[in-house]
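Colleague: Please take one part of this model and look at it closely, starting from a single side chain and working outwards to what surrounds it. I would like the cut-offs spelled out as you go.

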Amino acid sequence: MNTDTHAAHADGHHHDDGHAHSTFSGYMLGFVLSVVLTAIPFWLVMSGTLPSKQITALVIMAFAVVQIVVHMIYFLHMNTKSENGWSMMALIFTIVMVVIALSGSLWVMNHLNSNMMPMHEMTGMK
């Protein structure tokens, strides 16, 4: 590297290494979003605001997916420009895996509940 190139690089302190960088305000915004996305589902469950348990579970799962995306963007610095778009592919993969894991878990729990705890035994009806 010649002297002019090195001096220009040192003066600008600009590092275009293909990685996303964040500032303190970016981290604080991510933190505030994660706190809000955690507090709202707790409030929904504790207050019983929504009419049914199924709707509450779906809303909580939606908040969980949004919170995972917030963490990936603000704390793992994933975007479409860094690392030639591979970060975006990792984001898409993560979202697909989370949807599969959440829907599979709910499916298994629903079938365990219906097969292991028949209604007539729980209510005392014969």
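Modeller: I would start where a polar atom of the Gln67 side chain lies 3.0 Å from the backbone oxygen of Ser34. The side chain of Gln67 also makes a polar contact with the side chain of Thr38, at 2.9 Å; a polar contact here is a pair of N or O atoms within 3.5 Å, where, within protein, one atom must be able to donate a hydrogen and the other to accept it, and where residues adjacent in sequence count only if both atoms are side-chain atoms. Before going further, please keep in mind that this is a predicted model, in which local features need pLDDT of at least 70 and side-chain atom pairs count only at pLDDT 80 or more, while totals for chains, interfaces and linings use all residues. Residues are numbered from 1 along each chain as its sequence is written, and side-chain values use heavy atoms, with hydrogens and water left out.

Gln67 lies in helix α3, which covers residues 53–74; helices (H or I, at least four residues) and strands (E, at least two) are DSSP runs, numbered from the N terminus. With a relative accessible area of 17%, Gln67 is buried, where buried means under 20% relative accessible area, exposed over 50%, and partly exposed in between, for a 1.4 Å probe and protein chains only. Once its neighbours within four places in sequence are set aside, Gln67 is in contact (heavy atoms within 4.5 Å) with Ser34, Leu37 and Thr38.

Ser34, on the other side of that first pair, has its place in helix α2 and is also buried, at a relative accessible area of 9%. Leaving out neighbours within four places in sequence, the contacts of Ser34 are Gln67 and His71.

These residues belong to a wider helix pairing, since α2 and α3 pack with their axes 10 Å apart and at an angle of about 170°; the axes are lines fitted to C-alpha atoms, for helices over the stretch in contact, and the angles run from 0 to 180 degrees between N-to-C directions. The two helices, α2 and α3, are therefore roughly antiparallel to each other, given that angles under 35 degrees count as roughly parallel, over 145 as roughly antiparallel, 65 to 115 as roughly perpendicular and the rest as oblique. Among the residues that make this contact are Gly30, Leu33, Ser34, Leu37, Thr38 and Pro41 of α2, together with Ile60, Phe63, Gln67, Val70 and His71 of α3.

Helix α2 runs over residues 24–47, and its 24 residues reach 34 Å from first C-alpha to last, close to the 34 Å expected at 1.5 Å a residue; the expected span is 1.5 Å times one less than the number of residues in the helix. Its buried residues are Gly26, Gly30, Ser34, Leu37, Pro41 and Leu44, and what covers the buried residues of α2 includes α3. After α2 comes Gly48, whose phi is positive, near 65°.

Helix α3 has 22 residues and reaches 31 Å from its first C-alpha to its last, close to the 32 Å expected. Buried in α3 are Thr56, Met61, Phe63, Gln67, Val69, Val70 and Met72, and the buried residues of α3 pack against both α2 and α4 (86–116).

For α4, Val69 of helix α3 is a useful marker. Not counting residues up to four places away in sequence, Val69 touches Leu91 and Ile95, and its C-alpha atom is separated by 8.7 Å from that of Thr94, 25 residues away along the chain. Leu91 is itself buried in α4, as are Ser87 and Val98, and the cover of the buried residues of α4 includes α3. In the loop between α3 and α4 we find Thr80, which counts as partly exposed at 46% relative accessibility and, neighbours within four places aside, is in contact with Gly85 and Met88.

As for annotation, an unreviewed UniProt entry places the feature "transmembrane region" at residues 24–45, 57–76 and 88–109; such positions are given in the numbering used here, with feature names shortened, and annotations may be inferred rather than shown by experiment. Over residues 57–76 the model is 90% helix and 0% strand, with end C-alpha atoms 27 Å apart, whereas residues 88–109 are 100% helix and 0% strand, with end C-alpha atoms 31 Å apart. Across the whole protein there are 5 helices and 0 strands, and buried residues make up 16% of its 126 residues.
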